[in-house]
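Biologist: I should like to learn how to read the interior of a protein model. Could we work through one example together?

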Amino acid sequence: LHMGKTMKEDLTVVVKHIKQLYPPEFNVFSTYAELYHNYFASQAKKNAESHLEDKDIYLLLSWVHNIYPKDMRKDHVLAEELEKVKLGSLLPSSLSKELEKKYLDSEEATIKNSLSKCLDKEVQRWKEDKEPEKLNGHFQSELLAIFVIQSIYSGQKRAKDISAAVGEELSRRLWQELPVFLRSYKDAFEDFKEKSKKHHHYKPILIASVNNCWNFRDYVEKNMAENDDNKASILSTLGDIENSGFDVLLQQLFAQLKPIYKRFTENKWDCSNEIMNEIIKTTSKHISEFRTLKDPFYHAIVEKIHARLVKEYIVRLLKRRVSLKTPAQQQNLAQSISKNAADLEAFCTSNGSQATWLNSALPKLAEIIRLQDLGAIKIEVATLATTYPDIRKKHLEAFLCIKANLSRGELKSILGYLADSTASTSPRAPLFSNINVS
């Protein structure tokens, strides 16, 4: 700092007061500038070759890349004259590269170590079994995400302040480190999930940990390039954590719903409205606790519930337990299914499900049961297969057992039509492919 200040002040005196006392051919400013520069560079080289602490390496690199070329040599009084002199860098390129590598290695190791310690503290907080704080009604455990993101951002900014190239290299290294860290977070989350089920605040801690993923997801979406392989890896790991949390949160609900759904076929679809009301009532009790998830995750878990409710209903329709021979019987069942479907859709929509693609599945199946004209049934089957291209012949065959008045030829004709229409399509979102037909 002393050398830099002296050089700047002395060369300013040369420009303002001394230069005009000499003939132009003396190049007196050039002589002064080169002498000062050479001395400054020799001292910088001497320092660079000695043992330096990390903060000293950072300061020396800042002088080489930033302070000396930008603050001093671009000074409004000196810039024009220094441009003519063409002074080189304070350090030889090889020595500068060596310092940059030392700085990058040290900074990467420091940030990596601090992230590891932060994760250890987060795990310790989980083990303390305290209810997480709430922010806007959502359980939060945001210290981890905030610390990690700030550590990466601060490291990138410090490196960028040295030079754009150094900043890019550290960013590249840290973008590789983030997926490694998140995999460690995922492992710690899975360990807690399996070993801490008897914790009093087990579910709130899981919810807070899932909510944590949103900060990482938001940061990565905004700051990483789409074609960066690390981005895909990070988002995949976050998705694994989120879905793993959802699976645990939904376990109890789905276990309670299973025996209720069985009653549809046990009762031959009598009292189906009462059964659907019980399904909705049971689900409603659980949905209230899921509102402590951040909005994107709340919508995601409600859509999972929506898909499960529709799927389980279809599973019961494919059980081959009901065989109706008359159009009137089929008409009554179709009406019951339509009513159940409307109630289910209204419930899920009112609770925030945006999975509108599920809404037509049950009404279309009801319509197939209601229709008696073979041509009309085929058209409805084709529409169903277009909407849900993962439906297969085995699904439709099991479902059509309900229509006991179809002849073997008619059944074969309908099934053949389905096989043709689904041969080359793949599902946008799976529904029937998740259903096994016994």
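The dialogue below treats the core, the empty spaces and several individual residues.

Modeller: This is a predicted model, in which local features need pLDDT of at least 70 and side-chain atom pairs count only at pLDDT 80 or more, while totals for chains, interfaces and linings use all residues. Residues are numbered from 1 along each chain as its sequence is written, and side-chain values use heavy atoms, with hydrogens and water left out.

Biologist: Which residues touch the most other members of the largest nonpolar core?

Modeller: In soluble globular proteins, nonpolar side chains tend to be buried together. A nonpolar core here is a set of buried Ala, Val, Leu, Ile, Met, Phe, Trp, Tyr and Cys residues joined through side-chain atoms within 4.5 Å. Buried means under 20% relative accessible area, exposed over 50%, and partly exposed in between, with a 1.4 Å probe and protein chains only. The largest core has 134 residues, of which Leu293, Ile314, Leu362 and Phe399 touch the most other members. Helix 9 supplies the largest share of this core, 14 residues. Helices are DSSP runs (H or I, at least four residues), numbered from the N terminus.

Biologist: What is Leu293 in contact with, beyond its neighbours within four places in sequence?

Modeller: Contact means heavy atoms within 4.5 Å. With those neighbours left aside, Leu293 is in contact with His138, Ile207, Val210, Asn211, Phe246, Leu249, Tyr298 and Ile301.

Biologist: Helix 9 has been mentioned; where is Lys231 placed, and is Lys231 buried or exposed?

Modeller: Lys231 is in helix 9, which covers residues 229–266. Lys231 counts as buried because its relative accessibility is 3%. A polar contact is a pair of N or O atoms within 3.5 Å; within protein, one must be able to donate a hydrogen and the other to accept it, and residues adjacent in sequence count only if both atoms are side-chain atoms. The Lys231 side chain has such a contact, at 2.7 Å, with the side chain of Glu226. Residues up to four places away in sequence aside, Lys231 touches Val220, Glu221, Met224, Ala225 and Glu226.

Biologist: Where is Ser209, and which side chain joins that of Ser209 in a polar contact?

Modeller: Ser209 belongs to helix 8. Ser209 counts as buried because its relative accessibility is 1%. Its side chain is joined to that of Trp126 by a polar contact of 3.5 Å. Not counting residues up to four places away in sequence, Ser209 touches Trp126, Tyr185 and Phe189.

Biologist: How is empty space found, and what lines the largest pocket?

Modeller: Rolling a probe the size of a water molecule over the atoms shows where empty space is left. On a 1 Å grid over the protein atoms alone, a cavity is a set of points where a 1.4 Å probe fits but cannot get out, and a pocket is an open set with protein on both sides within 12 Å along at least five of seven lines; lining residues have an atom within 4 Å of a point. Grid points are joined across faces, edges and corners, and a volume is the space filled by probe spheres set on the points.

The largest pocket holds about 510 Å³ of space. Its lining has 20 residues, and the closest to its centre are Ala300, Glu303, Lys304, Ala307 and Arg308. Helix 9 and helix 11 (295–317) are the elements that give two or more residues to this lining, and helix 9 gives the most, with 8 residues.

Biologist: How many cavities of 30 Å³ or more are there, and which residues line the largest cavity?

Modeller: The count is 1 cavity of 30 Å³ or more. The largest cavity holds about 60 Å³ of space, and its lining consists of His306, Val310, Ala341, Leu344, Glu345, Leu358, Asn359, Ala361, Leu362 and Pro363. Helix 11, helix 12 (327–350) and helix 13 (361–370) are the elements giving two or more residues to this lining.

Biologist: Are Asn340 and Arg321 buried or exposed?

Modeller: Asn340, in helix 12, counts as buried because its relative accessibility is 0%. Arg321 lies in the loop between helix 11 and helix 12 and counts as partly exposed because its relative accessibility is 47%. Leaving aside neighbours within four places in sequence, Arg321 is in contact with Thr265, Lys268 and Arg316.
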